[in-house]
Amino acid sequence: MTAETSQTLDRGLRVLKLLADTDHGLTVTELSTKLGVNRTVVYRLLATLEQHALVRRDIGGRARVGLGVLRLGRQVHPLVREAALPALRSLAEDIGATAHLTLVDGAEALAVAVVEPTWTDYHVAYRTGFRHPLDRGAAGRAILAARRGEIGNPGYALTHGELEAGASGAAAPLLGVSGIEGSVGVVMLADSVPQRVGDRVVEAAKEVAEALG
């Protein structure tokens, strides 16, 4: 730790990260072992985090992430959307198709930013807030492929007619962005997606990842 940082805050944030990585919660003893501090320190950290609803403890005494984290999380989407918009605008204009940024929200894919091209006679309507299962649509499939480590060449996922009849989609996952699972993609009225479009989607995903990094 440097003189400019807070050891207590650092430990508190580490507690939240540890709890976020488990579905069944952690005991004080488990947290003490993982943090390398005594149980008294852990009790104080948990009590402070509980006051802010960032941590809750169940009947068995296991600590879990609290609902207060959701209130903080709701502020993330606008920040992510703002960072991604320049790359999405460029993608939509270059390809002449609707571009979107999609993030994981529980078991679903959630479109948090959408940009439609300005020069085309027609394009697929796609709205911010649109949800669909992760295993349907190019956006979700790209995320799942990255999660499984299966996103090799060509680096993007392709689908046709899974979410909208007659529409094809291409999406590439966001890679190297800590704490965010998502993808950048396009949807177009076509029987298939040309390779050049897929390559451009991969490029846009890299641009968004850099903007968020």
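What span should the 20 residues of helix α5 (residues 76–95) have at 1.5 Å a residue, and how far apart are its end C-alpha atoms? The expected span is 28 Å and the end C-alpha atoms lie 28 Å apart, so the two values agree. The model is a predicted one, and its chain holds seven helices and eight strands.

**The chain as a whole**
- Taken along the principal axes, the C-alpha atoms of the chain fill a box of roughly 65 × 35 × 30 Å, and 41% of the 213 residues count as buried.
- Of the contacts between residues at least 6 apart in sequence, 48% join residues that are at least 24 apart.

**Surface and charge**
- The chain exposes about 11,800 Å², of which carbon and sulfur atoms supply 51%.
- There are 23 positive and 24 negative charges in the chain, and the mean positions of these two sets are 11 Å apart.

**Helix α5: course and end**
- Helix α5 bends by about 45 degrees at L85, and a proline, P86, follows within four residues.
- Just after α5, G96 takes a positive phi of about 75 degrees.

**Helix α5: buried residues and their cover**
- The buried residues of α5 are V80, A84, A87, L88, L91, A92 and I95.
- An α-helix has 3.6 residues a turn, so residues three or four places apart point the same way.
- The cover over the buried residues of α5 includes the strands β3 (98–105), β4 (108–115) and β8 (182–189), together with the helix α7 (195–212).

Technical notes:
Residues numbered from 1 in each chain as written. Predicted model: local features only at pLDDT ≥ 70, side-chain atom pairs only at ≥ 80, totals over all residues. Heavy atoms only, no water. Helix = DSSP H or I, 4+ residues; strand = E, 2+ residues; numbered from the N terminus. Buried < 20%, exposed > 50% of the residue type's maximum accessible area, 1.4 Å probe, protein only. Contact = heavy atoms within 4.5 Å. Areas by Shrake-Rupley, 256 points an atom, 1.4 Å probe, with all protein chains shown as cover. Lys, Arg positive; Asp, Glu negative; His and termini not counted. Charge placed at Lys NZ, Arg CZ, Asp CG, Glu CD. Expected span 1.5 Å × (residues − 1). Bend = angle between axes of the 7 residues up to and from the residue.
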